[in-house]
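Biologist: Please take one part of this protein and look at it closely. I would like to see how the helices pack and what the loops between them touch.

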Amino acid sequence: MAFTGAHRSAGARGTGQGGARRPARGRTVLRGVDQRCVPGSQVDPRVAELRSAVARLRRQLTAHRVEFRDRGVAEEALAMLAGLAAADHPDIPVLRRSLLLVAGAIGSVSALGEGLRQLREAVDLFGTSPRA
């Protein structure tokens with residue numbers, strides 16, 4: 001299993017140059033660019049939940065090796081959601097539109113159903129849909 005960037009789990013052992021194994025470094029917390037904490041700032045808990053849900057579903061989609069027709073659409077919509085989640089006050093209509101694109105693209109992939117449900121719940125924290 002290959003690890004990429006910030007998605008490497010804490011305590012994972014890697015290899016340095018020459019193939020020598022280096023020891024794990026305890027409980028290392030790796031954060032993505034959009035997850036940096038700024039001292040003294042308060043992050044809206046809804047935004048924090050949205051960031052987590054988007055990151056989780058992106059990891060699940062990356063780990064899901066089975067190709068499906070709308071995978072590119074799902075990846076682009078999740079990238080849009082990640083950009084919206086990086087803002088302190090995301091644009092709600094664009095947020096909902098992106099969620100709809102993700103749901104349409106991966107809705108039939110049962111392995112990603114739980115991550116999609118969590119993403120929908122995170123978007124719903126910003127207010128229920130006008131049609132709900």
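Modeller: The answer starts with the whole chain, then turns to helix packing and ends with two loop residues. The model is predicted: local features need pLDDT of at least 70, side-chain atom pairs count only at pLDDT 80 or more, and totals for chains, interfaces and linings use all residues. Residues are numbered from 1 along each chain as its sequence is written, and side-chain values use heavy atoms, with hydrogens and water left out.

The protein has 4 helices and 0 strands; helices (H or I, at least four residues) and strands (E, at least two) are DSSP runs, numbered from the N terminus. Along the sequence the pattern reads α-α-α-α. Of its 132 residues, 29% count as buried, where buried means under 20% relative accessible area, exposed over 50% and partly exposed in between, with a 1.4 Å probe and protein chains only. Contact means heavy atoms within 4.5 Å. Among contacts between residues at least 6 apart in sequence, 58% join residues at least 24 apart.

Helix H1 covers residues 45–63. Its 19 residues, at 1.5 Å a residue, should span 27 Å, and the end C-alpha atoms are 27 Å apart, which agrees; the expected span is 1.5 Å times one less than the number of residues. The buried residues of H1 are Val47, Leu50, Arg51, Ala53, Val54, Ala55, Leu57 and Leu61. Their cover includes helix H2 (71–86), H3 and H4.

Two packed helices are described by the angle between their axes and the distance between the axes. Axes are lines fitted to C-alpha atoms, for helices over the stretch in contact, and angles run from 0 to 180 degrees between N-to-C directions. The axes of H1 and H4 come within 9 Å and cross at roughly 160°. That makes H1 roughly antiparallel to H4; angles under 35 degrees count as roughly parallel, over 145 as roughly antiparallel, 65 to 115 as roughly perpendicular and the rest as oblique. On the H1 side the contact is made by Glu49, Leu50, Ala53, Val54, Arg56, Leu57 and Gln60, and on the H4 side by Gly115, Leu116, Gln118, Leu119, Ala122 and Val123. By class, this contact of H1 with H4 has 8 nonpolar, 3 polar and 2 charged residues. Here Ala, Val, Leu, Ile, Met, Phe, Trp, Tyr, Cys and Pro count as nonpolar, Asp, Glu, Lys and Arg as charged, and the others, Gly among them, as polar.

H4 (residues 113–124) also packs with H3 (residues 92–106): their axes come within 11 Å and cross at roughly 165°. That makes H3 roughly antiparallel to H4. Leu95, Arg96, Leu99, Val102, Ala103 and Ile106 in H3 meet Leu116, Leu119, Arg120, Val123 and Asp124 in H4. The contact of H3 with H4 has 8 nonpolar, no polar and 3 charged residues.

Now the loops. Pro90 sits in the loop between H2 and H3 and is buried, with a relative accessible area of 9%. Not counting residues up to four places away in sequence, Pro90 touches Val47, Leu50, Leu84, Leu95 and Phe126. Pro90 and Val47 are 43 residues apart along the chain, yet their C-alpha atoms are separated by 8.0 Å.

His64 lies in the loop between H1 and H2. At 16% relative accessibility, His64 counts as buried. Leaving aside neighbours within four places in sequence, His64 is in contact with Arg71, Val109, Ala111 and Leu112.
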